[in-house]
Amino acid sequence: MLGCGRVEEMSDRRGSEAVYLEELSRSRQKKRIDISVERRRTLRARYYYGVIFLITNLVAWFIRDYIQRVVPEKHFLRACGRSGHDCIQTTGVLRVSFGCFIFFFLMFLTTIRTSKLHDVRNAWHSGWWPIKCVLLVIAMTSSFFIPSEFVQLYGEFARIGAGVFLLLQLISVIEFIAWWNKYWMPDGETKQSCSLGLLMSTVLYVASVCGVVILYILYVPRSSCTLNIFFIVWTGILLVVMMLVSLHSKVNRGLLSSGLMASYVVFLSWSAIRSEPAEDKCSPQKEADGHYDWITVFSFFFGLCAIVMATFSTGIDSESFQFRKDKVQEEDDIPYKYGFFHLVFSLGAMYFAMLFINWNLNSSTRKWSIDVGWASTWVKIVNEWLAAAIYMWKLLSPVVRQAKVMDQGASQPEDFVVSP
């Protein structure tokens, strides 16, 4: 009888353990499903914020180009004096930018240091859209009631913020180029990828050289266009220097990364020359007479989409700005850094304001134009030179660090061992 009781007790214990393990498996599976749903939800939220940013860009464009049809002439003269139209266009863009900046900066403050999907701040980032829409409307409308002096002060501050945004974008692009080079040019085990990488690098360099030649043909109509000649020749010099540095025996990074960077540098040079004002005799811009062709309209909307895409891609690329990249990603970790994402969008609000007013707080703007003027030209040229400098420093820094380590090792006194 005692043996039968022990057998029943052991069978009951095994049954309870089986039930416990089954419940534990179900709870883990449910938790895994909840994490997957929450992850998809927060990934979708990125695109909602991108749509919000695009809408604010469109509002700024409408206010800049068509506000004079809505606001009476008296208001222009009362608010800005004789140069009423230009003033109200500039301040209108800055006010929209300020409202967008306030919204995303508040999102930055409320989501910074969020790390887990079950955090309350994750729910705020990915949901509560009616409340956030009300917050956005309040931020946008209240910006039109602040004094004009404060708006001008914000414009000066926005120049710095836009410059920081450009720097973050440069680092993101260079990190992407490094990743692409590592993906297409592995150590040698996958020969197919290496051959594709070599083919891609050849195509990129040929396209870059052809791009420099085309720039010279199109944008140097006469020998007196010395500034355009300087821009284009210096771009060609940068291509050669980047190629030589990447092929140096101590660097040995191949041609793919430098080919990608060369294409990006040529694009920046073309964009800078395209930004020259229409009054200049060597500018590719045409004076507007009230009629705009489809190329002008298409270029404007392409530039608008480029602003949104640059902000979006930089915002989700938080890994390029992490000091520790050896951290193991856990299952319930957030897929991207919310604080950095919203900080980039707040800086992007300053950036699009500078593009709409041509980086000049006192200049007039033309309809269907974006980022046109001498200030815009020089910002892009400096951006091009800075991009090449950062890229070459990224290539040379490992060599410099290795040389310093070898010098320190050579300067250490040798240990002499006395034999018995």
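A residue counts as buried when its relative accessible area is under 20%. The model used in these exercises is predicted.

**Exercise 1. Describe the make-up of the chain.**

Start with the elements. The chain has 12 helices and 0 strands. Next, take the surface. It comes to about 24,600 Å², and carbon and sulfur atoms hold 65% of that. Now look inside. Of the 420 residues, 42% are buried. Last, check the contacts. Among those between residues at least 6 apart in sequence, 78% join residues at least 24 apart.

**Exercise 2. Check the span of helix α11, then decide how enclosed α11 is.**

Step one: find the ends. Helix α11 covers residues 338-356, which makes 19 residues.

Step two: work out the expected span. At 1.5 Å a residue, α11 should span 27 Å.

Step three: compare. The end C-alpha atoms of α11 are 27 Å apart, which agrees.

Step four: look at burial. In α11, 18 of the 19 residues are buried, so the helix is largely enclosed by the rest of the structure.

Step five: look past the end. Asparagine 358 follows α11 and has a positive phi, near 60 degrees.

**Exercise 3. Classify two of the aromatic pairs by the angle between their planes.**

The structure holds 26 aromatic pairs. Take phenylalanine 267 and tryptophan 270. Their ring centres are 6.0 Å apart and their planes meet at 35 degrees, so this pair is tilted. Both residues lie in helix α9 (residues 256-274), 3 residues apart, about one turn of the helix. Phenylalanine 267 is partly exposed at 43% relative accessibility. Tryptophan 270 is partly exposed too, at 36%.

Now take phenylalanine 352 and phenylalanine 356. Their centres are 6.0 Å apart, with 85 degrees between the planes. The cut-off for edge-to-face is over 60 degrees, and this pair is edge-to-face. The two residues are 4 apart in helix α11, about one helical turn. Why does that spacing suit a pair? An α-helix has 3.6 residues a turn, so residues three or four places apart point the same way. Phenylalanine 352 is buried, with a relative accessible area of 0%. Phenylalanine 356 is buried as well, also with 0%.

Finish with the wider setting. Ring pairs link a cluster that includes Phe352, Phe356, Tyr48 and Trp129.

**Exercise 4. Find which rings lysine 132 sits over.**

Begin with tryptophan 124. The charged end of lysine 132 sits over its ring, 5.5 Å from the centre. Then try tryptophan 129. Lysine 132 lies over its face, at 3.7 Å from the ring centre.

**Exercise 5. For three salt bridges, state the distance and whether each partner is buried or partly exposed.**

The count is 6 salt bridges. Three of them are worked here.

First, arginine 64 and aspartate 65. Their closest N and O atoms are 2.8 Å apart. Arginine 64 is buried, at 1% relative accessibility. Aspartate 65 is buried, at 2%.

Second, lysine 394 and glutamate 175. Their closest N and O atoms are 3.1 Å apart. Lysine 394 is in helix α12 (residues 374-411) and glutamate 175 in helix α6 (residues 148-184), so the bridge ties together parts 219 residues apart in sequence. Lysine 394 is partly exposed at 30%. Glutamate 175 is partly exposed at 21%.

Third, aspartate 371 and lysine 380. Their side chains meet at 3.0 Å, N to O. Both partners are buried.

Note on methods. Residues are numbered from 1 along each chain as its sequence is written. This is a predicted model: local features need pLDDT of at least 70, side-chain atom pairs count only at pLDDT 80 or more; totals for chains, interfaces and linings use all residues. Side-chain values use heavy atoms; hydrogens and water are left out. A salt bridge is a side-chain nitrogen of Lys or Arg within 4 Å of a carboxyl oxygen of Asp or Glu. Buried means under 20% relative accessible area, exposed over 50%, partly exposed in between (1.4 Å probe, protein chains only). Contact means heavy atoms within 4.5 Å. Accessible areas come from the Shrake-Rupley method with a 1.4 Å probe; for residues, only the protein chains shown count as cover. The expected span of a helix is 1.5 Å times one less than its number of residues. Rings of Phe, Tyr and Trp (its six-membered ring) pair if their centres lie within 6.5 Å; planes under 30 degrees apart count as stacked, over 60 as edge-to-face and the rest as tilted. A charge sits over a ring if NZ of Lys or CZ of Arg is within 6 Å of the ring centre and within 35 degrees of the ring normal.
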